[in-house]
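Hi,

Here is the structure I promised to pass on. Have a look at it, and my notes follow below.

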Amino acid sequence: MPKFLIQATYTSEGVKGLLQEGASGRRAAVDQVVTDLGGTVESVYFTFGDNDIILILDLPDPISMAAISLAVKASGALHTRATPLLTTEEVDEATHRQVAFRAPRA
């Protein structure tokens, strides 16, 4: 199952919701969205700095991740960035695939 790293920053409206619901309320909302699409939440961390929350999700496919991303961004409560995570074995497999690429020349 594909794994994704989510980095998110709350907007001022999102922070108001967090203050009202608490972190456990937001975690429950994340769990519901992800499990409804057949995925699992590996971890959720609240942070300081550029991001307010970091999540690692397992989802059935990239389309599920795109659906979540669109819904979350449409809410206006968060700014998010999703990064696909690859295992060592997946990268090893990629190193063995032939790619016909020619670098641009000056």
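First, a term: on a 1 Å grid over the protein atoms alone, a pocket is an open set of points where a 1.4 Å probe fits, with protein on both sides within 12 Å along at least five of seven lines, and its lining residues have an atom within 4 Å of a point. Please note that this is a predicted model, in which local features need pLDDT of at least 70, side-chain atom pairs count only at pLDDT 80 or more, and totals for chains, interfaces and linings use all residues. Residues are numbered from 1 along each chain as its sequence is written, and side-chain values use heavy atoms, leaving out hydrogens and water.

Now the largest pocket. Its lining has 19 residues, with Val30, Leu55, Ile68, Val72 and Leu78 nearest the centre. At least two lining residues come from each of β1 (3-10), α1 (12-36), β3 (53-58), α2 (62-75) and β4 (78-85); these are DSSP runs numbered from the N terminus, helices being H or I of at least four residues and strands E of at least two.

Asp58 is worth a look too. It sits in strand β3 and counts as buried because its relative accessibility is 13%, where buried means under 20% relative accessible area with a 1.4 Å probe, protein chains only. Its side chain makes a polar contact of 2.8 Å with that of Lys3 (a pair of N or O atoms within 3.5 Å, one able to donate a hydrogen and the other to accept it; residues adjacent in sequence count only if both atoms are side-chain atoms).

Leaving aside neighbours within four places in sequence, Asp58 also has Val34 and Gly39 among its contacts (heavy atoms within 4.5 Å). Leu59, not counting residues up to four places away, touches residues including Val34, Gly39 and Met65.

Best wishes

Notes. Buried means under 20% relative accessible area, exposed over 50%, partly exposed in between (1.4 Å probe, protein chains only).
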